[in-house]
Amino acid sequence: MNHQTIFILLGLVVCGAGRLPAAERILETAEPIVVDGVLDEPVWQKAEPVEVDYLGSKPGQKSDEKRMVAKYAWDGNYLCIGYEAFDTNLVARGNDRAEGPTGNQRDGASIFDPQAKVDVVEFFISFGDEHFMWEIHHNALNQFNDVFCIVPASEWPVAKGSLAPYGIIFNDGEWLRDDPPHTVAHAVKLKPKADGQPSTVNDASDIDTGYTAEIRIPWRPLGIPRTAETWRQENGKRVAGPWNLEGQSVSLLAVLQDGDLPERYHHSGPKRKPDWFHKTQPDWPVYECGSAEETAAAAAVRRLLADQEGGGASAATVDALRTSGIAAALAAAGFLDEGKPPSQAEMLFDVIAAAAKCRRMHPEILRIYDPAAFELFYSPTAAAAQQPLAAGLAWKTWPRSLPEAVVRGAPLPTLDWLKSQAAATSPDLAKLRLLFPAVGWWLRAGNERQHAEEFCGVVAALAENPAVAADPPTAAALLKLVGDARVVVAGDWVIQMLASPDEELRQAAATSLGRIAAAGKPGSPTLPAEERSKMLAAWLARVRDEQSSSVLAKLAAAAEAWPESKEVSGAMLELFRRSPDAEVQRSILLAVANTRWPDRQFMIRESLEKATGGVLGAALDAAAVHPDASHLPAIKALLAEQPDPSPQLIDAVGAVGDSESLGHLLGWLKREKNPAVRMKLILAINRIPGEGSARVMADLLASAAEPLEADLLCRVASQRNLPGASRFLGGLAEDVTAPVAVRAQAIWALGNYADTESRDSLRRLSADTSKYFPELAAKRLIPEPLEQARLFIDLARLRQGEKAAEVEVVRRFDAATPATQVAVLRSLAQIKLDSPPIATGLRSGDFAVLEAAVRAAGAARPAKYAADLAAIRQSPFITILLDSGLDIWQLPAALDEATKAATTPTAVP
Amino acid sequence: MKPPRSSSLIALALVSALCPTPGRGHESPIDHVERELRLFAEDGKAWLVYRLLPTERATLMELKTMDADGDGTISDRERAGFFVGKAQAIAKKITLNIDGRPLPLEPGGSVRCDPQLGQTFLFSGPLPALQPGRHPGRLVDGHSRDYPGGFVWKDPGREGSEAIRFEPVTPATQAGPHDHPPWLELQFNVVVR
């Protein structure tokens, strides 16, 4: 799975989403909270931490240091608050008042004292009402206030009265009642200082760390909506409670006042604007009471939906979704609701699509790394398990992101839906057009491990549905899908559509035909010979009869499916002569570059002589792939015409290897400043055989000033004997001021020269490597860089024929990093030298090392390693890796080559 | 984080030297491995929570190694055996120094695999007696030398015992496939209160 996908995806969807009621979740506690100030109850471990770090004066901006973390929980009787305050100097004062019911009176806390700079924690609690709310104060001495506050609307007369001096009525004579037997409780636990002793309150001589606290408040005095009230019978009496809190929302803002800080107030409201806390209730965080069983993934999805209102998902939410794997998809499915705004469904299906992309991975990976995904896709009950993810298939309107989500996460319900459409007299064409690209992309990318055959079968069945075929946009989309998925069984329909009166359908059919026919090419899925012949015949007939240039261009591109065919070659030549259209000509030449048609040279030559613009560019590309002496006159004419080289012309000149062009290229090189074009010119010169170009390359090496060019020229000198090169290579290799990378190239190139100069140079480097590589020698924490330098010096000596150097090469190879091992093995492959590192590499657990070892084995002594090569080919996980499209090094080709070399009569066992 | 880039170029240069393309390719042919670390003190020990995020290709190659009997499936025993060995190998390659003194790490617990193809290892080692104050420390990850990639030190200086904190000196993040050092080296202060 591409791990960035979900991040990007979520980043996009949440930014563009509409507004929804936002609610994060607070968890139910299965066991009552023991109010002792210690946050050791299980629910506190699971509860989402709420950061109380937002600066009071700067909206949305958090402090650099952590100030306070709050956590909320609930049960049927109480709202529970836990928090941890971080403070190096705890200051708390009482207000000399006590409030509360008899038996549960609370000592009051001072909330402002300019002399003492008190610290106090506040919680503002409302059930969605911006006019009426509770304000709670608590401090490190466990002193507690409860103030019922009224924020009158400005149009209320009381707002301008003496009761509301700041637009707020502070009813501090009111206090939170108990709801017997449920009582208000609060406690504090001072955290230990560095010496292990508890932090001290009102002692500035030491460094405190803060405290933890718990507060428990019955729901009834908080003013919970009565809809949450339940009744039960107890000893024959009707008794209230517990409250039904599931789904109940509460607005809750936490505030920390730290008297020592210049920024005195910190709070938990990312969206809150600077004003009295009471007056910003609509911007306080909202929490919904959820069950204790909610998974981390469900909590993350809920947060994601809540974050939608804030304009973007938090990093923590995205991280939680990414790490949840398929659980995120299952959790998102739990929130799918056709009645909710479309933006919510878009987001949820995006989550499903991103998480379910893992279905492309091999089941053994899923079984180990995401067992829930393995269960969802591979268990006997997979069809039923996938249903929730596919709920949207039955919706009247499909969200944009639904197709990818269902193809990836719910293949079995999706197949069922497609089958039902294939059988319907009036299939839902609009929805089919939405789904086809997602199916096509998934199959074309080789992601479908489980149901490829079923998907192809249902696609063929849809092609037979007259309603689908009769609707041009749907038929065009289906043709594309047939091509993407290489649905061979729909071949007859594609052939039929090649003759459609609709030009766009003929174009789509031509492309589709080419893709299906290409399935028969070497290395591609098998195509029955009969089908292939039928398609070829249809293609030839269409090319002959077609008049539309757009369709002909598509037919020319499709012709690549028959790269060796004389018939196709002849048809292309005929079309090339018949159609002057640039799009058709260009399309033919692009195909020529990828085929071996007998008539290719004529088409290339003709175009080089006559074409211009994009057609000439395609002709030059084809000439670079299929160089031929017959191109020379035209290429020389172009050389004479063009004052500045085009990259395509440089490649074509280099490919044809004409020594007479050497002067021209060298002249260009002298004028050219662009480093990339200069590199191309150097490579083109190098492709010209003979002493003339070798001398030019040697001169370039001697005068190279740019590291990149020096690097390239060293590589050339390593592969081709350049006269007098060893002197320059030796100088470069020993030059401590030159870039290490270029010197490495020079050292390896020295191995290509067996003269005294190069031997002496390598000997000096070998005898005192640390002197020549002082920078590497200084890195002592990991000594390998210097060892690496020694390894490559020894390797160059081995290349010169010094067999004694092999012992050192082997020893250092075994201790080397995989990257170094790859370099050594590629070096051995280049010089076709059998050496023990090859056998070691063939056992490697690194793909790149293994591939390099296979190539080295094939180049050096294939017969000796035949059994190892066979074992690699038969390894189940190598097969899986290759089938997964994860091979960028073309291991099968390397294995084929090595195996073929092993069976040649001259192979040395 | 020290950026000792040039020291590794010698191998990488030779790798690119033998590639068919003329330009400089990717710096290493080896699959990169992203890392997340947590480093903190608790219960008298230094703890390193070490999460690797290998590519899917590297994961499949590991399954090939795990599959000791070559039957194409991984038994619990094969998996456990592989990860025990891997944890020990990584522990040997990580060096942790405090006040210049080495603090050997031992693997502990079982390796946790997660849906991001993540593998989380737990290492710990006993902390020496440290006086209040700041003690320079350094972690060098030799495993990242073999398998380089970006890294994130999660919650630096904010985890574990409040009396002893590992506070970063060097940046705690180095991400991006082309923007990471050749190996991971963290410098930090152990702050004892």
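How many helices and strands are there in chain A? Here is my note on that and a few other points.

1. Ground rules. This is a predicted model, where local features need pLDDT of at least 70 and side-chain atom pairs count only at pLDDT 80 or more, while totals for chains, interfaces and linings use all residues. Residues are numbered from 1 along each chain as its sequence is written, and chains are lettered from A and ligands numbered from 1 in the order in which they are written.

2. Chain A overall. To answer the opener, chain A has 43 helices and 18 strands; both are DSSP runs numbered from the N terminus, helices being H or I with at least four residues and strands E with at least two. Its radius of gyration is 38 Å, well over the 29 Å that the globule rule gives for 909 residues, so chain A is more spread out than a compact globule. (That radius is taken over C-alpha atoms, and the rule is 2.2 Å times the number of residues to the power 0.38.) The C-alpha trace spans about 110 × 80 × 55 Å along its principal axes.

3. Burial and contacts in chain A. Of the 909 residues, 48% count as buried, meaning that 20 or more other C-beta atoms lie within 10 Å of the residue's own, with C-beta atoms placed from the backbone. Among contacts with a separation of 6 or more, 65% come from residues 24 or more positions apart; a contact is two C-beta atoms, placed from the backbone, within 7 Å.

4. Strand 13 of chain A. All 9 of the 9 residues in this strand (residues 210–218) are buried, so it is largely enclosed by the rest of the structure. In a regular strand the side chains alternate between the two faces of the sheet. Here Gly210(A), Thr212(A), Glu214(A), Arg216(A) and Pro218(A) point one way, and Tyr211(A), Ala213(A), Ile215(A) and Ile217(A) the other way. Strand 13 runs antiparallel to strand 5 (residues 78–86), with 9 bridges, and Ala85(A) has Tyr211(A) as its bridge partner. Strand 12 (residues 185–190) is also antiparallel to strand 13, through 6 bridges; there Ala185(A) partners Arg216(A). (Two strands pair if DSSP finds at least two bridges between them.)

5. Helix 26 of chain A. Of its 10 residues (647–656), 7 are buried, so this helix is largely enclosed by the rest of the structure. Among the buried ones are Leu649(A), Ile650(A) and Asp651(A). What covers them includes helix 24 (613–625), helix 25 (632–641), helix 27 and helix 28. Gly657(A) follows the helix, with a positive phi near 65 degrees.

6. Helix 29 of chain A. Its buried residues include Val696(A), Met697(A) and Leu700(A). They pack against helix 27 (662–671), helix 28 (675–687), helix 30 (707–719) and helix 31 (725–734).

7. Chain B sheet. An open sheet of 5 strands has the order 4-3-7-11-9, with antiparallel pairing. Strand 4 (101–102) and strand 9 (164–168) are the edge strands, each pairing on one side only. Strand 3 (residues 94–98) joins strand 4 through 2 bridges, and Asn97(B) has Pro102(B) as its bridge partner.

8. Confidence. pLDDT is the predictor's confidence in each residue, from 0 to 100. For chain B the mean is 81, and 80% of residues reach 70 or more. Among its elements, helix 1 (residues 6–17) has the lowest mean (43) and helix 2 (residues 56–66) the highest (95). Over residues 1–26 of chain B, pLDDT stays under 50. The complex gets an ipTM of 0.88 and a pTM of 0.72 from the predictor.

Terms used
A residue is buried if 20 or more other C-beta atoms lie within 10 Å of its own, exposed if 12 or fewer, and partly exposed in between; C-beta atoms are placed from the backbone.
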